[in-house]
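Hi,

Here is the two-chain model I promised to send over. Have a look at it first, and my notes on what turned up are underneath.

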Amino acid sequence: MVDTAAGATETTLLRWIPFLPLAAAAVHGVLLGLVRRPLPRRGTIFLSCGAVLASFLISLFAFAGLLGPEGPRVRVDNLYTWIGAGKFSAEASFLLDPISAVMILVVTFVGFLIHVYSIGYMDDDHRDDTGFQRFFCYLNLFTFSMLMLVLGDNLLVMFLGWEGVGLCSYLLIGFWYSDRWNAYCGMKAFVVNRIGDFGFLVGIFVLFWALADVGKPTVAFREIAAAFPQIADRVVTLPAWLGGAEWKFATLVGLCFFLGACGKSAQIPLYVWLPDAMAGPTPVSALIHAATMVTAGVYMVCRLSFLYAAAPGASAVIAWTGAITALFAATIAITQTDIKKILAYSTVSQLGYMFLAAGCGGYAAALFHLATHAFFKALLFLGAGAVILAMHHEQDTDRMGGLARAIPRTRWPFLIGVIAICGLPPFAGFFSKDEILLTAFAAQSVPGNTWLYGIGVVTAVLTSLYMFRLYFRTFHGATRLAPENFRRVHEPSETVRYPLYVLAAFSLLAGFAGFPQVYGDWLGIPDSNSLAHFLAPVLAGGLHDPGLSHGEELRLALLALGAATAGLLMAWWLYLRSPELPGRILQSFHAIWRLLHEKYFVDEIYDTLFVGPMVWISDRVLFRSIDAGLIDGVAVNGTARGVQALAARGLKYAHSGLTQSYLFLMILGTVAIVGWLLR
Amino acid sequence: MTASHLLSVVTFLPLAGGLAVLLLDEVLGLLSLSRLSEGVWRWMTLALTALTFALSLGLWTGFDATRIGFQFVERAPWLPDYGVSYFVGIDGVSLLLLVMTTFLMPLVILSSWKDIQRGVRTYLFFMLALETGMLGAFVSLNLFQFYVFWEVMLIPMYFIIGIWGGPRRIYAAVKFFLYTMSGSLLMLVALLVVYYLHFQQFGALNLDLVQGPGSAAPALFDTVIPVAGQAVWWKTQTWLFVAFALAFAVKVPLFPFHTWLPDAHVEAPTAGSVVLASVLLKMGTYGFIRLALPLFPFAAVEFAPVIFALSLMGILYAALVAMVQADMKKLVAYSSVAHLGFVMMGMFAFNIEGVEGSVLQMVNHGFSTGALFLLVGMIYERRHTRLIKDFGGIAKPMPVYAALFGVVAMSSIGLPMLNGFVGEFLILLGTYHVAPWVAVAGSFGVVLAAAYMLWMLRRVMFGPVDNPENRGLIDLGLREKFVMVAVLLPIFWVGIYPDFFLRRLDASVTEVLRRVETANARTTAPGGHEAADPNVTAAGHLALPVALELGPAR
């Protein structure tokens, strides 16, 4: 290890964290995609799970290396110059600091558990003889991309991972590609994500040239952070056709990047791909569409916290987008019956919470919720997958009920996950969600922050309502299954169950990593919020003390607890105590129910407004009218026909074969030339 | 450079070898012995193209990336009275395109191993002649010689489309020929004007672009071409530039001169499509960077907004049109138009980022789109249809094909770690500096690219195998796999370690930009030429009305 001038320590360790999964994916890829010699099952398991486990152990080792008290907590691993042209230069380089350390631990740990789970889950997949290995190939490739995303030392390596996880998401959503719907959902995810990536790209351009303007052309995070104050307060005048408004530079850049975050982290208006992404196998939903990839946008905002801290406008947009998305998705989740769809909308909603926190300046709170959510949402999805396996690939909660008796070993971890997401103490979600609400409550700089807090609390009630609705309708009450089908419900295998237990333990305990100082003071623990203290040096605003008294904090915590309990009681009343009540409510509020059940018709609106017209214009106007009709038909072939007609009507008479007329024209021509020369 | 003749050997080896085989064949025929079989012809051609590639690697390794100017220069009098000489040499730009061409040719020959069954000898000879034609244009440093090669390569291509093409091959071949010819004639006229201007200024007839060994005379690049004003209208840079630009724009093809391309691609045999897309289109973009920019720097900068508008049209319009195509080959053809829009956009950004991205993207497009045409050809050989609706679920019977198609499609839509991303990124980055809104709109082309490519993949590769004819499809054989793996090699290489290629472009691109900038620094606004005003630079003329203005700090 060598100390560099910048205070970062160089190491060659970091590269192995992403490269081991990449190597495994490459071996699988060549064996399957080229030579068609699939590995035996055990070989696949050994290679894939082994690579991710090794990657996790290295991450753990690297993380431990950061914990020492001395020196700056930054490690850099620089490989080579990836792209260099003119002023632009992007290194293939990795950065380990507290933020990325937390992220790689979550990614490799949850990733490894889900790899193990997949052994059991994908085992009965006989749709495709090489499907088992293909699945692990994509899963490894995903792990690689996600690690590139979080370990990247600059915007470009991050973008590489960013697009890479999008590709893997596409491949895995459409994993069972023989079904048209799955292939459609995969494509939709990729294209919608690309709209976000467009924002990311433009953000890089805007930021890079502004930095070049002050003589600091760079895309590396630490260098941007150092030079950013010089350009943050510039004023950008939008062109007249955009209203000619004057914007703060930081706000403009911040919004560009946030568009990227909206795509990847499924926020309004780009969330539409995530619910459909549930077409993929359930481990994929757990890993990619709950625990890791969809949090990339939150990670990006925190990584660029120095930028957003200087951009109050962009931060307000983030906070409001997050809050509205959280509420919006929660209302949809209440009316869904597909177990995975409910969890998908819940993911959208929880991601909204994270953006709410980040927008209010609580970057550590956002990352805290990101980590706890990774555990309990992965647990919930894996639990849902276990239920789906137990039910022989049935996902509709309308055809479940009373499963607690049949699969108790799945039910208990699932219940822990439900409690954790609802935010009942002392489960993980309680601490992280409470910190977000508290941040929103205290964020005076964000316009309408009291409203944001209110939305957060209402969403907490709804969260508790739809999660317990899901839990009660799945595991309790009278079963809606035929008796002979109920007998066939079976507990899934060990490789499926054990990851649930581990995740359940973390859903219970992870909250203590961010144990609030309020309780810490009671128990006499100094700096009890160890996560926030660990992250503080690399986040804008450092520890971000909301500046509330202990009494206020406790009152807010009680209110949040009350909200969660209210939702729980409502769910209990509606779905256990008087199960005929929801049907009656549905009848009296049918229009509202329909609106929610059909997800506010957003997909239909997008199709009618954007997709349909675009295809129609491309086909009828651009292709048939302009390309084939105007350019090719009139201009090109029209010219050809014109020349032909001219020759047929006029010029052909010149080619008469009459010597006299040839001679005459020749003399005429000679006279003309001589005349011109003698002029 | 030393008196090595490597460059000439590489250039003429295919044609000379082809002529030798042809002669041998005829002699054997005259002696009433058995003539060379088609198999022997195939192997001979493959060996010749492979040898050409091997020799061109010598150019790659011998090339000194740090040196400005042309290397491997050879010059010999040809028609000395008219200033026509045989004059060849390469810089980084031509090196990349040359090695790409020699690399692709053996693969193209391999890809048509089974596809072409009648007139094999003629076909292979045309391919060899075509290779020499293309290489010749890339290495020419004499304008006359360039023009000869430029026209020469039309002839074999015309026959390849016209003889071995699809049902409407005659229409497509004639359209291709006439369209390109009408552009070329404009260039010929402009070329003569430049020749005349040079004679006026230096009193010597010379068509060399730069000074070469054995000639101290000023070359064409030293000619001062009047900007505007007192000069007769056709002597102004504007008109001369337009004439050259039209010839090149047809080849590129730049919107709206693109309609010959889908027809030519759809009708051409697979190998023809690959060469057409990978190399022939690059003649247009190469012409811009080698001739139009250094000869008419002022007009080039003046026309940048027009080129931006047309390339942007190409990027967005062609992507939308590609989306609704029913024929896979036509879809790929329109995607080509969009990609070349990026190339032109980056070139006219006139900064290192944009121009290096542009040249790299020329090479990238050669590999990615070439590979797409190869893949479409492979399925066409099996099913004799290219209509998207005839397919569905192909990934089931042909998993290797689907996997390779997937990788190539990703490279085409610019996924990082594959080649397309590096080029597109640098182009858009460079363009943003001079015309932000053009770059922003161009970036949206990346979204559209994903839409049309993935929609095709979905309809062709995924879903159930509805059509019973697709059930028995046989996956790629060893020869086809070899071809595809070979093309994937540079696709990954450029994506993972582009610096290896970009490094070789630095000096050459800087030199081109230096010419453009100094010429523009010497010239003020249109109207008065040669008025020194150091305050006005190339960038000064590029300020578009839509530019995003950065104000002072507040």
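His392(A) counts as exposed, because just 11 C-beta neighbours fall inside 10 Å and the cut-off for exposed is 12 or fewer. You'll find His392(A) in the loop between α15 (363–390) and α16 (403–406) of chain A. What caught my eye is the backbone: His392(A) isn't a glycine, yet has a positive phi of about 55°. Bear in mind that this is a predicted model, so all of these values are computed from predicted coordinates.

Tyr600(A) does something similar, with a positive phi near 60° in a residue other than glycine. Tyr600(A) sits in the loop between α26 (590–597) and α27 of chain A. Tyr600(A) is partly exposed, because it has 13 other C-beta atoms within 10 Å. For context, most residues other than glycine have a negative phi, and most peptide bonds are trans.

On that second point, there are cis bonds to look at. In chain A, the peptide bond from Ile268(A) to Pro269(A) is cis, with omega near 5°; Pro269(A) belongs to the loop between α8 (249–264) and α9 (273–276) of chain A. In chain B, the bond from Val252(B) to Pro253(B) is cis too, with omega near -10°, and Pro253(B) is in the loop between α8 (237–251) and α9 (260–267) of chain B.

Now the chains themselves. Chain A has 28 helices and six strands, and its C-alpha atoms fill a box of roughly 115 × 70 × 55 Å along the principal axes. Of its 679 residues, 55% count as buried. One helix I checked is α13 (residues 312–335) of chain A: its 24 residues reach 36 Å from first C-alpha to last, close to the 34 Å expected. That helix, α13(A), is mostly covered, with 17 of its 24 residues buried.

Chain B has 20 helices and three strands. Its radius of gyration is 23 Å, close to the 24 Å that the globule rule gives for 554 residues, so chain B is as compact as a globular protein of that length. The C-alpha box for chain B is roughly 75 × 75 × 40 Å, and buried residues make up 59% of the chain. Among contacts in chain B with a separation of 6 or more, 78% are between residues 24 or more positions apart.

A single pair gives a feel for that: Lys114(B) and Glu381(B) are 267 residues apart in sequence but 8.7 Å apart in space, C-alpha to C-alpha. Lys114(B) is in the loop between α3 (92–111) and α4 (120–139) of chain B, and counts as exposed because it has 11 C-beta neighbours inside 10 Å.

Also in chain B, helices α16 (residues 419–434) and α18 (residues 478–496) pack at about 45° with their axes 6 Å apart, which makes α16(B) oblique to α18(B). Asn419(B), Phe421(B) and Val422(B) make the contact from the α16(B) side, and Pro490(B), Ile491(B), Val494(B) and Gly495(B) from the α18(B) side. That set splits into five nonpolar, two polar and no charged residues.

Finally, how many residues does each chain give to the contact between them? Chain A puts in 48 and chain B 53. Elements giving two or more residues on the chain A side include β3 (75–85), α5 (155–173) and α27 (602–654), while the largest share, 16 residues, comes from α6(A). The chain A side divides into 29 nonpolar, nine polar and ten charged residues.

Cheers

Terms used: Residues numbered from 1 in each chain as written. Chains lettered and ligands numbered in written order. Predicted model: local features only at pLDDT ≥ 70, side-chain atom pairs only at ≥ 80, totals over all residues. Contact = placed C-beta atoms within 7 Å. Helix = DSSP H or I, 4+ residues; strand = E, 2+ residues; numbered from the N terminus. Nonpolar A, V, L, I, M, F, W, Y, C, P; charged D, E, K, R; others polar. Expected span 1.5 Å × (residues − 1). Buried ≥ 20, exposed ≤ 12 C-beta atoms within 10 Å, placed from the backbone. Rg over C-alpha atoms; globule rule 2.2 N^0.38 Å. Axes fitted to C-alpha atoms, helices over the stretch in contact; angles between N-to-C directions. Parallel < 35°, antiparallel > 145°, perpendicular 65-115°, else oblique.
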